[in-house]
Amino acid sequence: MTMQTSAPLISIEDARLHYKVGGALSALRGNPPVVKAVDGVTFTIRRGESVGLLGESGCGKTSMGRLLLKLEEATGGAIRFDGEKIADLRGQALKRYRSRAQFIFQNPFDAINPRFTIRQTLSEPLENAGVPSAEREARIVSVLELVRLPEPRQYLDRYPHQLSGGQLQRVVMARALILEPDFVVADEPVSMLDVSVRAGVLNVFRDVRDRLGLTAIYISHDLALVRYVCERTIVMYLGKVMEDGPTEDIVHEPLHPYTKALVAAVPVPDPNQSHDALPIGRGAPDPRNPPSGCVFRDRCPHAFDRCSREVPHLRQTGTRHVACHLFDRTE
Amino acid sequence: MLDAAVERKPSLIGRMFRSLRLPLNDPFAVLGLLIYAVFVLTAIFADQIAPYDPTEILYTPDYNLAADLRPGEDGYILGTTSLGRDIFSQIVHGSRSALLIGITAAFMVALIGSIVGLVSGYFRGWVDVILMRLADIAFGIPFLPFVIVLAAFLEPSIWNVVIAMALVLWRDTARVIRSQVLTLRSRGYVDAARVAGSSDLKIILRHIAPNILPLSFLYGSIAIGWAILTEASISFLGFGDPQSISWGYMLQDAFASQALAKQAYYWFVPPGICIILVVSAGFFITRGYENILFPKLGR
Amino acid sequence: MTEPLLSVRDLKVSYKVGSGRIDAVDGASFDVPRSSIVGLVGESGCGKTTVARALTRVIADNAAITGGQMMFGGRDLVTLPEREMNALRWRDIAFIPQSAMNSLDPVYTVEYQLNEVLRRRGGLGRRDARRRCEELFELVGIDRGRLSDYPHQFSGGMRQRVAIALALALNPKLVIADEPVTALDVIVQRQILDQLRELQAALGISVILVTHDISVVAYICDRTVVMYAGKVVESGTMQATLTEPSHPYTMGLRNAFPDLQGAASGVLTPIEGAPPNLAFPPPGCRFAPRCPFVLDTCRTVQPPLEGIAADHAVACHRAGEAATLREKAARIETWMGRAVA
């Protein structure tokens, strides 16, 4: 791969997002329960790379995305964008960051203020970036063309409820792209859409990313979707990275037991496809009360005694990194 | 549903008016608004409507005090008081102080409550903690005794009620608006505005405040009734402003002059009705707003 | 062939909206054989949920069944008096509404909520109800010790299991599940579907599974009914409808899905455009405005639902050329250059 040489655009080092939960009463009792939404996540993203963040709800993938966009402040670790720590960004520097890093929201029906027309919605970022009002309309029209909303002028003075889900999600994408960012985080952008229009939105995402050379993170629980848009995949479970590597390798030969389960669970539209039993225990991750050692061990079919004693760290295994004692040959 | 396809961008005033969302399809609310309209007009044109100065002591043509006249006697529409003042003129002028108090109190309550609620709910953290503890303190203050104490410290004045309401009653508005802001804050479009680089102030003014405006109005319209009722109680208890004529003062005057024993119903029934009308008008409008804001409560 | 458990013929459901009328379901016909899972597929607004609700006759205030038949055990559910219909609900036909897992009452334990159904509707005694609760929990794979827990103590997947237990409480013959796995992650989704399949086979019941997700149908259903804009456009065995989809809409749905097994470089093909406004449906085939294979007749004449093979029916004027169309439909150029939904 040629990207190996380019410097990372984003580097995340031991990022943490811990919440205290349970309110004032349990705080008085001394040790309030802590939810570790993101717990020691480390990875870098090269310029132009597309990375999928894969995992079940509660695994911290969305929190990770919100940290990257400064919608949430990390409680530990450091996130650097183009060499600068984003936690330290203030004033003009923050403004500049806001125009370079963008978010595509999951629910298009919620991500646009219902009181605003499409024109008003798309004007907001331009206004904040100081684009003179005379230029705004042209910018809006051209970005709507970019996301393939045909004859965009007819939508400018419409309200969100007059657009379909697919059209709205294109507007959400247009808002993210209008300031020509370098980096975009997309949080399950098609999960609220009908299957028949999902493909259109995904295709726009892919094409625009290629055309603008965007660095992108795509958050999803469905590996088939991640595979469609990302060359690299990071699998998360209970706030930690389980596996990180090229998507194709992960699809064809998942290493971590959790990744294996995710791969096996991907829904397939082909009735002739045989299905193996899911290699994962029942139950769901409980973020308030994760197991000791490896957080996945209570659902893992291969768990052995070391897993409860020792937290597995990410180690290089061939083309990728895996956090599992099964792949640690050092002991 | 509005067919906004043909709708052009409305003017700023039009937009503000629309975001108030006056409850015009609720018959009770319309009745309430009509009652308000009548009282507001009466208050504005009080000098033209009232035949006499409400504090003027009147005499009969034969130079006797025109006291305790019955309605209609000597052309006094609602009769006169024991001191020879025209009751109808007092009613008309009473609307002035009632509305003055009601509207300023409502404005203060809605304004303070909204600002506190917005700031508290939007910024959270220690600002929220401090403001909400202040609200808890305000919740602990018994309202009527507080007004009386205030009247004792300050000169007796109709403004005491307004000050007391501003100091105490913002708490309800602030609490409700805060919780509304908390849910609005977690909406996707608020996050989107932040990612788009909008400042906190801009987000509050553009994306959050318009959504809580109807709530401010709801609590404002509740406060109008409260203020008028409180002023009446205070005046009736004798802590009111003796210089200004209000409906509460009229009740107190009638009570002190033993109007009931004299069967002078024309004296205390009209101000009573006026208080009831204005307070229930506020209630009707409140109800209309509730139907808009919490449609599931209805029916 | 034995008589199906449920046979729907020409069902019509209309909503009153303002002064107008919208035919949300306009002549739907399909069968549900005994001991089978039938997938009712289509995008939002196609009428699939309305059909599901009409089967229990619990529909919106402004909706009405305006025609057709729903034969169930020799009785027509459309004309059945409300009293008898009410006796059927839950006992013979159980309904799991969309997001049922979020509609459990948070202030009562799940046992209390199960009991409510077992004793009030099922007329069971206290001891029998207790036993049945434990049985049901075992059936859906939750530890019986958790019966006394409150809904918020369960994860989303667990709550969906509770919702299934609730539906199975009175041994229904038919369970209608509206999007039972839509809000769930892939792993939990798979586990719930496995559970549903297992239960269906063990109890010999029939299930109507309403979904927009064709992969769910491929995974678990025996039969498919594809709806579009209030009409059934294709129905038949799941194998036939998904391996040889014969309506362009079904072909489109099939191609719009990312496939983990397929080539990595493949391009997904969206069905562009949006479903028609049902207040003013197009005069001919309702899919015509979005169909890449549209003919002039399609725009004026409504195609009837006709058998093209044993147990495979399609409503398309070009059903005869289905094999050729399938080939064309697999290419993205076929679907390009239309209005965007």
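**Strand pairing, a helix and two interfaces**

In this predicted model, C:Val13 sits opposite C:Ile65, a residue of β4(C). That pair introduces the antiparallel match between β1 (residues 6-17) and β4 (residues 63-72) of chain C, which are joined by eight bridges. β4(C) also pairs with β5 (residues 75-76) of chain C, again in the antiparallel sense, and here the count is two bridges. Within this second pairing, C:Met71 stands opposite C:Asp76 of β5(C). The hairpin of β4(C) and β5(C) leaves two residues between the strands, and C:Gly73 takes a positive phi there, near 55 degrees.

Another glycine with a positive phi turns up in chain C after helix α3(C): C:Gly123 has a phi near 65 degrees. As for the helix itself, α3 covers residues 110-121 of chain C, and at 1.5 Å a residue its twelve residues should span 16 Å; the end C-alpha atoms are indeed 16 Å apart, so expectation and model agree. Which residues of α3(C) are buried? They are C:Val110, C:Leu114, C:Asn115, C:Val117 and C:Leu118. Looking down the helix axis, these buried residues fall within an arc of 160 degrees, so they line one face of α3(C). The cover over them includes α4 (126-139) and α5 (156-168) of chain C.

Chain A, for its part, contains twelve helices and twelve strands. How does the radius of gyration of chain A fit a compact globule, and what value would be expected? For 331 residues the rule gives a value near 20 Å, and chain A comes out at 21 Å, which agrees. The C-alpha trace of chain A spans about 65 × 55 × 45 Å along its principal axes. Of its 331 residues, 52% count as buried. Among contacts in chain A with a separation of 6 or more, 65% are between residues 24 or more positions apart.

One of the sheets in chain A is open and has four strands, ordered β2-β1-β4-β5, with antiparallel pairing. Its edges are β2 (34-46) and β5 (84-85) of chain A; each has a single partner strand, so one side of each lacks a neighbour in the sheet. At the β5(A) edge, two bridges make the antiparallel link to β4 (residues 76-81) of chain A. A:Arg80 has A:Lys85, in β5(A), as its bridge partner.

Chain A also meets both other chains described here. Towards chain C, 42 residues of chain A are in contact with 42 residues of chain C. On chain A, at least two residues each come from α7 (165-177), α8 (195-212), α9 (223-229), α10 (247-252) and α11 (257-265). The largest share of that side belongs to α8(A), with eight residues. Sorted by class, the side of chain A touching chain C has 22 nonpolar, eleven polar and nine charged residues.

Towards chain B, 23 residues of chain A are in contact with 17 residues of chain B. Here the elements of chain A that give two or more residues are α3 (91-100), β6 (101-104), α4 (108-111) and α5 (118-128). As to class, this side of chain A holds nine nonpolar, six polar and eight charged residues.

Technical notes: Residues are numbered from 1 along each chain as its sequence is written. Chains are lettered from A and ligands numbered from 1 in the order in which they are written. This is a predicted model: local features need pLDDT of at least 70, side-chain atom pairs count only at pLDDT 80 or more; totals for chains, interfaces and linings use all residues. Two residues are in contact if their C-beta atoms, placed from the backbone, lie within 7 Å. Ala, Val, Leu, Ile, Met, Phe, Trp, Tyr, Cys and Pro count as nonpolar, Asp, Glu, Lys and Arg as charged, and the others, Gly among them, as polar. Two strands pair if DSSP finds at least two bridges between them. The expected span of a helix is 1.5 Å times one less than its number of residues. A residue is buried if 20 or more other C-beta atoms lie within 10 Å of its own, exposed if 12 or fewer, and partly exposed in between; C-beta atoms are placed from the backbone. The arc is that of the directions from the helix axis to the C-beta atoms. The radius of gyration is taken over C-alpha atoms; the globule rule is 2.2 Å times the number of residues to the power 0.38.
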